[in-house]
Amino acid sequence: MEHVVIIGNGISGVTLARHIRKLSNKKITIISAETEYFFSRTALMYVYMGHMTFEHTKPYEDWFWKKNRIELKQAYVTSVNTASKTLHFSEGNTITYDKLVIATGSKPNKFGWPGQDLDGVQGLYSKQDLDRLEQNAPNNEVCKRAVVVGGGLIGIELVEMLNSRNIPVTFLVRESSFWNSVLPEGESEMINRHIKSHGIDLRLSSNLKEIKSDTNGHVSAVIIEETGEELACDLVGLTAGVTPNIDFLKDSEIETGKGVKVNRFLETNIKDVYAIGDCAEQQETVGNRRPIEAVWYTGRMMGETLAQTLCGNKMPYNPGHWFNSAKFMDIEYQTYGWVFNEKGQPDYEQHFHWKHKDDDKCITIAYRKDNNAFLGINTFGIRMKHDVFDKWLTEHRTLDYVISHLKNANFDPEFYSQYDDQIKAAYSNTLQTA
Amino acid sequence: MNTPKPSMSLTKPEAFDLSIKQKISTAIGLLGLIILILAAFNVHFPYKPVVLTLSLVMISAGVILFANDLYLGKHAGIKNDGVMFKSVSSRGIWAWLTGIALTAFYIILYFKATWLGLGQNGAENTGLVALFDPLSNIISGSKASQWFVYGVLYTIAILAFGYKFLLKYRHNRYERLRTYSVMFFQLAFAFLIPEFMARLNSDSFSLPYYDLKNIWPLNYYNFEQYRVNSFIDAGDIGLALLIFGIVSIFVITPILTYKYGKRWYCSWVCGCGGLAETSGDPFRHLSDKRQFAWKIERWVVHSVVVFVVLMTTAVVHSYLGDDQTKYWLTKQTFLISVAAILTLVFVLVMVFKRAQLAKDAKYGAIGYFVIIMVLFAMHYFNGTQLFLFKTETLRQSYGFLIGSIFSGVIGTGFYPIFGNRVWCRFGCPMAAILGFQQRLFSRFRITTNGGQCISCGNCSTYCEMGIDVRAYAQKGENIVRSSCVGCGICSAVCPRGVLKLENDSLKGRIDSNEILLGNDVDLMDLVNQK
Ligand SMILES: Cc1cc2nc3c(=O)[nH]c(=O)nc-3n(C[C@H](O)[C@H](O)[C@H](O)COP(=O)(O)OP(=O)(O)OC[C@H]3O[C@@H](n4cnc5c(N)ncnc54)[C@H](O)[C@@H]3O)c2cc1C
Ligand code: SF4
Ligand code: SF4
């Protein structure tokens with residue numbers, strides 16, 4: 001029986017294993033150093049905030065794995081010998097494979113800041129990070145102030161977490177407005193205001209210069225690059241993005257760049273070795289998609305695709321239209337298709353923007369200047385239907401069509417106020433003034 | 001699995017400790033309760049109306065002030081911070097104390113009402129019940145009973161905690177509307193209307209106490225002899241009520257359930273549901289999510305349905321006559337019609353919906369059908385003996401086991417330990433019947449939003465019915481479960497906008513996409529091939 005060994009029990013590795021099991025009788029082993037069972041990384045924040053217990057984050061009950069004959073091994077892989085098809089564990093033992101899948105995810109970025117390894121300085125990625133946070137910031141007596149460095153999706157989550165325990169938070173964001181490397185101006189500014197309205201000390205255009213230590217090697221303050229200001233704090237959260245977690249492959253034959261290089265079939269340069277999820281770097285990307293996409297559903301899709309290939313139905317990874325979602329404190333965000341910010345925008349792209357007077361809902365629709373073709377939509381505070389936008393993108397609908405059919409795409413709960421009339425009115429206004 | 005980490009200490013400093021205002025509000029509410037407890041211990045209060053008002057106002061004010069402090073200063077949005085750390089909502093010491101107190105209250109209420117001061121055999125009330133006499137007099141013109149006391153407290157609980165829930169979900173119109181609805185139905189239908197109806201009673205005219213929204217089989221005693229007799233004795237109005245009772249289960253309920261799912265009843269109208277959704281809301285996450293619990297649920301709740309059908313049939317049968325010339329409905333016609341209705345339902349389901357029934361549901365249906373038939377046959381052929389048991393024994397055991405112990409003592413007393421819908425999930429025969437229809441023949445479903453699910457599990461955690469919503473959502477599958485009461489909380493707490501409660505056409509309602517939108521179409525087709 002062929003032995004498929006998967007390193008990493010995140011969404012990509014686990015999806016792969018489940019689908020291989022559906023399709024075949026192969027022997028499957030999943031290795032992970034982090035936790036015994038698969039859990040949802042995306043729910044870590046809810047454990048700290050007390051919305052869920054860690055137990056709740058596990059999508060499958062513990063008996064599931066045995067029942068589906070998926071072997072779990074909790075151990076850390078230190079090196080891979082592709083010639084002898086052997087993995088070496090930190091405890092000195094080894095395991096051999098017929099097919100190897102690398103699904104090791106990411107790790108938080110550290111940019112060589114002085115003091116970045118002090119006690120009380122941490123990222124937010126793993127179960128261990130969660131435990132560490134519970135130690136470092138159980139309440140606002142132990143942690144009188146926290147500084148979160150890096151204004152991305154994980155940064156805002158960490159801010160919300162600390163805020164839930166009434167810990168004063170300073171949020172250092174390098175960009176001139178929150179996440180405006182991705183979001184257009186109007187949206188990004190609305191989120192700035194929302195963050196501040198929660199009492200967060202949001203510092204835009206602010207870089208971390210240095211983290212200072214007390215006499216016990218614990219963080220005592222940070223210094224801001226631009227102003228030289230020194231802020232006393234007990235916790236520094238480093239959330240300035242993630243990079244593939246592949247250091248253990250350094251000495252192997254497997255070709256790596258930022259991540260493990262793979263072709264469209266998710267194959268590496270070495271036969272019988274594959275990579276999926278956050279750690280995979282596509283050599284040939286699809287559409288506007290980036291070579292490394294550290295999001296949940298792409299990991300899942302790679303797992304689904306690779307299961308087909310490994311079970312004898314060779315298939316390229318072929319993601320459809322881009323979509324994603326997040327939540328900025330109380331404001332939900334969804335995106336379908338591509339909406340670029342002002343800086344990253346291609347020449348042909350133009351935006352229609354509508355914002356509700358309450359300053360907590362808005363949409364931005366991107367379209368082509370020349371033929372009005374619909375390119376994508378960002379929505380804040382309004383839920384939309386994925387399959388409707390997916391269809392409209394495939395059918396190359398126009399901006400007018402999308403605006404006049406917006407109601408069909410609404411996914412808000414029943415009885416919610418509908419905004420499509422306001423949006424339509426705003427749209428015809430812009431047409432008149434333009 | 002899924003047990004919150006309780007904090008068993010009373011003093012441990014927590015990030016989610018109560019604020020000063022919340023402590024004061026709690027104290028005010030508890031003081032109001034203490035007045036009632038003192039009354040129960042026969043402490044004599046002068047000016048009963050004033051003391052009672054004071055007590056009830058303090059209880060309500062405690063809840064309202066607490067809610068104001070907890071929610072009003074904050075942004076509208078999901079308010080579950082600290083739920084798993086707070087003692088009362090995480091099976092900590094306060095949860096156990098509350099559970100024990102509630103359980104004790106129910107036991108006394110059902111079995112030792114004299115302890116509350118109920119006057120026996122025409123004697124004057126004393127103690128707690130006497131404290132409620134003035135209020136009862138104003139409303140119905142007669143003195144209070146333990147059930148009046150219970151009714152008042154129950155209504156106040158739904159109203160005050162309903163207010164709290166309204167603040168908590170003030171951003172969510174679905175949640176607000178259905179909370180107004182349960183508050184209204186409790187106050188008007190369960191409490192005021194029956195009491196006013198009692199005012200109409202005189203020596204020559206008397207209606208049984210009737211909460212119109214309380215439908216058989218939840219209202220398992222509706223067709224008992226004393227009630228049916230007094231309905232009939234009360235002339236046209238009584239007969240209309242009796243007919244309404246029959247129509248509500250056989251006509252109104254199926255139509256509304258077809259259109260909206262069982263939520264129209266369970267989370268918009270029902271009093272048990274009303275209490276669960278308001279006072280019980282802080283405990284919704286305690287429901288057991290294991291697949292094992294689901295198995296038990298199906299066995300227990302369907303057994304209760306069988307029990308209530310048998311019991312009611314036996315009871316009605318016991319007081320019907322044999323002589324067709326006296327009354328058209330005889331023992332024999334009645335039994336034959338019950339058997340006919342059951343057979344009809346059974347045959348229709350097996351013919352049209354067999355494919356949708358999971359294997360074990362089918363076995364269950366066949367098994368139960370056979371049991372019912374066997375019991376009928378036994379009776380039918382030997383004529384004198386009433387089923388296997390005496391009707392009276394059957395009726396009493398149902399009332400004791402299901403009516404009192406299950407729905408009251410366990411169902412509500414154990415809110416802080418097993419969650420707020422234990423009765424609705426494991427015990428309620430009404431829920432089981434509505435659920436059966438919801439699963440097979442209703443436009444209601446929860447639709448999922450393509451590939452946006454991040455498997456975080458908020459939905460499953462906060463599903464009070466213990467449904468593993470995530471298991472469906474992460475596969476992009478609609479949630480069509482008989483137990484779903486349509487509370488809408490899964491959809492509310494989902495941080496990615498994945499879930500929507502909807503009434504839509506029957507076509508494509510149960511879909512099982514193994515693969516989600518986002519991937520290219522060929523792969524979807526392929527994986528969905530069976
Ligand atoms: C706090 C947080 C919130 C997020 N929220 C969202 C969100 O809302 N939406 C979204 O789309 N994405 C979100 N993400 C990103 C998403 O979680 C990741 O894209 C996804 O988890 C990646 O899955 P994966 O299977 O590739 O890897 P991972 O989930 O990282 O799993 C890899 C596993 O491999 C283990 N491992 C690594 N190296 C070794 C080794 N040498 N030996 C043994 N084991 C090893 C790791 O310990 C880890 O357990 C979030 C991430 C974080 C941290
Ligand atoms: S449906 Fe929503 S709440 Fe449930 S697991 Fe998915 S993202 Fe989380
Ligand atoms: S599935 Fe959702 S709507 Fe249904 S009972 Fe559970 S939480 Fe409520």
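Over which residues of chain B does pLDDT stay under 50? Select residues 1-13 of chain B to find out: this is where pLDDT stays under 50. The structure on your screen is a predicted model, and for this stretch it has 29 contacts beyond four places in sequence. Where pLDDT is low, the predicted coordinates should not be read in detail.

Now widen the selection to the whole of chain B. Its pLDDT averages 86, and 89% of its residues score at least 70. For the model, ipTM is 0.96 and pTM is 0.94.

**Where the chains meet**

Next, show chains A and B together. Here 47 residues of chain A are in contact with 48 residues of chain B. On chain A, pick out α7 (296-310), β21 (323-328), β22 (331-337) and α8 (386-394), each of which supplies at least two residues of the side that touches chain B. Linger on α7(A), because of these contributions you may want a starting point: α7(A) gives the most, with six residues. Try colouring this side of chain A by class, and you will find 17 nonpolar, 18 polar and twelve charged residues.

**Around ligand 2**

Finish by centring the view on ligand 2. There are 15 residues around ligand 2, and those that come nearest are C453(B), C456(B), C459(B), A473(B) and C494(B). Add α19 (458-462) and α20 (469-473) of chain B, since you can see there two helices that each supply at least two residues of the shell. The most comes from α20(B), which gives three residues. Coloured by class, the shell around ligand 2 divides into nine nonpolar, four polar and two charged residues.

Methods
Residues numbered from 1 in each chain as written. Chains lettered and ligands numbered in written order. Predicted model: local features only at pLDDT ≥ 70, side-chain atom pairs only at ≥ 80, totals over all residues. Contact = placed C-beta atoms within 7 Å. Helix = DSSP H or I, 4+ residues; strand = E, 2+ residues; numbered from the N terminus. Nonpolar A, V, L, I, M, F, W, Y, C, P; charged D, E, K, R; others polar. Near = placed C-beta within 6 Å. pLDDT = per-residue confidence, 0-100.
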